[in-house]
Amino acid sequence: MRHLYRPFVAAVLATGALTSAAACSSSDGGGSGGSASGAYTFWDPYPQFDASSDWAKRVANCGASAGVTVKRTGMDTTDLGNKALLAAQQGNAPDVMLVDNPVVSTLVQAGILNKARDLGLDTSTIQPNIIGAGTLDGAAYGVPIGANTLALYYNGKVLKAAGVDPAGIKDWATLTSALQKVKAAGKKGITFSAIGTEEGSFQFLPWFWGAGGDLTKMNDPGGVAALSLWKDWLAQGLAPKDVLQNTQTTSWQEFATGKYAFGENGTWQLANAAKAGFPYGVINIPGQHGGSAPVPTGGEFVTVPVQRKTGRYAVSTKIVNCLISPTSLLATDTTLSYIAPLAAVQKEQVQRDATLKPWVSAVAAARGRTSNGLGTKYPVISQQLWTAVQSALSGGKSPQGALDMAQQAAASHS
Amino acid sequence: MTLARTDHPQRSPAAFRAAPRSGTRHRRARHRKSRLTAWAFALPLVIYLAAFYVYPLYRNLDLSLRRYTVRSFVEGDAPFAGWANFDQVLHDPTFGPAIRNTLVFTLVSIAVQYGAGLALAVFFNRRFHLSGLLRALFLVPWLLPLIVSSSTWAWMLNSESGVVNHALHLVGVSPVDWLGSPHWALTSVIIANIWIGIPFNLVILYSGLQNIPADLYEAAALDGAGAWQQFRRLTFPLLRPVTMVVLLLGFVYTLKVFDLIWIMTKGGPGDSSSTLATWSYRLGFGSLLPQFGPGAAVGNVLIVIALAFGLLYTHVQRRQEA
């Protein structure tokens with residue numbers, strides 16, 4: 001026995017380093033639990049805002065007006081969902097949490113979010129397509145703090161040099177011919193993000209939906225047309241090959257070099273656009289045969305996770321109500337460069353800044369990714385969708401073949 | 001071990017026969033006490049191992065044998081699923097490419113790292129001006145945080161604005177789509193990983209070289225051995241124990257490389273640079289809806305592979321010692 005045991009232990013030791021990487025250890029969520037202490041924990045996906053930022057001050061003030069101190073933690077948006085699940089498993093979920101809207105349905109599925117109605121939060125004035133992403137079976141599980149979406153930024157200088165009038169871009173054909181003109185003029189066409197994460201799906205959806213694509217039947221002609229459009233752009237050199245690794249941030253950096261005519265990007269880049277150093281404009285993403293394509297809603301929801309001590313909800317609700325009050329929303333959405341989810345606040349935003357106008361109309365026409373009953377089916381579909389985009393654009397598969405495989409994988413998952 | 005053996009009876013049967021019975025009992029009690037003390041000394045280590053190695057291993061095994069949904073993960077009542085997760089993973093279309101990529105990534109990385117590390121170690125073993133400084137410079141990849149070096153590599157290999165393609169352009173080679181092409185993605189991450197791994201091989205092999213007595217080389221030179229013969233007949237055989245350590249540690253380190261690949265390609269495009277490590281992460285954390293069961297199952301497959309090589313190593317080492 002002993003003979004066998006020793007090398008075994010030695011080998012376990014040698015490979016021990018592995019376990020820490022492979023084990024989905026549950027120790028992560030600890031540390032900032034919201035049990036007995038007076039501080040209320042608050043998580044958000046805005047690590048870019050430190051304690052001195054307006055946002056952090058607003059959160060602290062909302063805590064103070066509810067009579068408590070708020071301990072805010074900002075973390076990366078992809079981390080936040082997993083951390084929330086782990087924390088809920090350990091019974092120390094935060095009191096208030098801002099999560100990206102497609103994560104809401106996953107957290108609801110896990111049973112860790114309270115219904116807005118049960119907390120006494122009023123959501124009746126929120127635009128239905130924005131709150132739709134956080135609504136399951138008719139009940140909203142949070143309140144959107146703001147919305148953002150995608151449109152096409154264009155570089156006025158590049159378009160002018162190529163003799164393209166942005167107003168003439170009405171459908172995919174006119175857009176593609178504009179890109180060809182730009183390329184002929186020696187500049188680069190369009191940049192976007194087709195990375196193998198949720199961001200890639202988010203960026204692909206306007207084209208997918210704009211061709212009438214259906215997420216429950218990804219390999220329908222609409223979806224194939226959208227993927228073929230992207231693939232053709234790459235093949236013709238109208239879009240760079242590195243879109244496959246581009247996040248929306250790196251895609252923006254490409255656009256900001258001034259070499260590209262178009263960049264598909266979000267509302268949140270507006271402040272950077274003003275700093276870009278060239279005349280820019282924004283048009284809605286065209287549908288395949290004209291009109292504006294439906295775009296996916298982005299933006300976070302304020303949620304109140306389930307606690308063992310239900311007595312904490314009253315204060316948490318006060319904090320949430322403070323954050324979603326119209327004055328607070330106006331300030332928050334200005335900081336984040338988001339569109340408010342309330343018509344009244346939107347009007348005020350446009351009054352203050354006329355460049356927001358196309359964004360307000362884009363948000364009004366946007367769709368939630370998890371809306372229409374997709375819920376937690378969306379994450380599975382989305383993963384297959386971005387995989388299909390990656391394998392088609394990299395030349396591994398044809399658009400039809402890639403989407404056939406994606407559809408099959410998504411269907412077999414349930 | 002040697003202490004315990006000294007009062008073993010068969011050592012000196014004559015003395016044993018002469019000793020009174022009470023003496024044996026006394027000796028046995030003392031023996032028991034010293035064993036208890038030994039265990040007390042080992043206890044902190046045992047607790048440490050249990051908390052940081054055995055428990056995570058157990059948790060990972062448990063995760064991989066249950067059918068987790070997000071709800072049952074939170075409530076902790078996931079039903080036992082037997083081998084279902086492993087079955088799902090083994091029949092997944094990603095499994096084949098992931099195994100193949102893992103082996104190619106690991107073996108090619110180690111082979112080149114070891115070769116380059118050994119060459120550099122031999123090179124630096126003969127002292128010359130600035131050798132210390134140069135050797136220190138070679139350690140830089142090891143000192144940089146992985147996120148920095150991986151991001152830098154991703155940026156250098158960028159197909160549009162990367163410095164590598166620019167250099168290729170200058171010498172008249174058409175640009176390569178390093179990270180975006182399914183044919184090149186794995187090669188790109190291997191190149192970056194080799195660069196990161198060379199210092200480790202260099203340092204250990206260099207210290208191994210320092211332990212080879214210089215008079216052996218003198219004797220070999222007197223016997224008329226040339227530089228190559230000295231390397232082949234002296235350096236290489238004498239480095240064998242160090243080589244074994246370097247290769248095994250390198251294997252285990254490389255097998256689990258995750259951050260580098262994730263930062264550079266996310267395992268893509270498609271599955272073209274997915275390894276077991278990135279696939280496990282992608283299942284568990286890569287999408288909005290985590291699949292902890294299959295993710296843990298892939299992790300366990302990885303552990304079994306590493307364990308098999310660990311056992312192989314100890315086996316070979318024991319045969320060498322014998």
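Helices, here numbered from the N terminus, are DSSP runs of H or I with at least four residues, and strands are DSSP runs of E with at least two. By that reading, residues 292-313 of chain B are 100% helix and 0% strand, with end C-alpha atoms 31 Å apart. The structure described here is a predicted model.

**Chain B and its annotated spans**

An unreviewed UniProt entry annotates "transmembrane region" over residues 36-58, 103-124, 136-156, 184-206, 242-264 and 292-313 of chain B. For the same chain, UniProt lists "domain: ABC transmembrane type-1" over residues 99-313, again from an unreviewed entry. The table sets that domain span beside two of the transmembrane spans.

| Span of chain B | Helix | Strand | Distance between end C-alpha atoms |
|---|---|---|---|
| Residues 103-124 | 100% | 0% | 31 Å |
| Residues 292-313 | 100% | 0% | 31 Å |
| Residues 99-313 | 74% | 0% | 21 Å |

**The contact between chains A and B**

Chain A and chain B each bring 48 residues to their contact. On the side of chain A, the elements that give two or more residues are helix 1 (2-22), helix 3 (77-89), helix 4 and helix 17 (377-393), and the largest share, 13 residues, comes from helix 1 of chain A. Sorted by class, this side of chain A holds 22 nonpolar, 23 polar and three charged residues.

**The two domains of chain A**

Chain A is divided into domain 1, made of residues 36-144 and 300-337, and domain 2, made of residues 150-296 and 373-413. The centres of these two domains of chain A, taken over C-alpha atoms, are separated by 31 Å. Where the domains of chain A meet, seven residues of domain 1 are in contact with eight residues of domain 2. Helix 4 (residues 101-109) of chain A supplies four residues to the domain 1 side, which is the largest share of that side, and by class the domain 1 side has three nonpolar, four polar and no charged residues.

**The sheet of chain A and the helices across it**

Five strands of chain A form an open sheet in the order 2-1-3-11-6, with mixed pairing. Strand 2 (70-74) and strand 6 (143-144) of chain A are at the edges and have a single partner strand each, so one side of each is left without a neighbour in the sheet. Strand 6 of chain A runs antiparallel to strand 11 (residues 300-303) of chain A, and two bridges join them; A:Val143 stands opposite A:Val302 in strand 11 of chain A.

Two helices of chain A lie across strands of this chain. Helix 2 (residues 54-65) of chain A lies across strand 1 (40-44) and strand 2, running at about 150 degrees to strand 2, while helix 3 of chain A lies across strand 1 and strand 3 (96-100), running at about 130 degrees to strand 3.

**Packing of helices 10 and 17 in chain A**

Helix 10 (residues 221-235) of chain A packs on helix 17 of chain A at an angle of about 35 degrees, with the axes 10 Å apart, and the crossing of these two helices of chain A is right-handed. From helix 10 of chain A, the residues A:Leu227, A:Trp230, A:Lys231 and A:Leu234 meet A:Ala388, A:Val389, A:Ala392 and A:Leu393 of helix 17 of chain A. By class, this contact between helix 10 and helix 17 of chain A has seven nonpolar, no polar and one charged residues.

Technical notes. Residues numbered from 1 in each chain as written. Chains lettered and ligands numbered in written order. Predicted model: local features only at pLDDT ≥ 70, side-chain atom pairs only at ≥ 80, totals over all residues. Domains from an automatic or database assignment. Nonpolar A, V, L, I, M, F, W, Y, C, P; charged D, E, K, R; others polar. Axes fitted to C-alpha atoms, helices over the stretch in contact; angles between N-to-C directions. Left-handed = near helix turned anticlockwise from the far one by under 90°. UniProt positions renumbered as here; feature names shortened; annotations may be inferred. Pairing = 2+ DSSP bridges.
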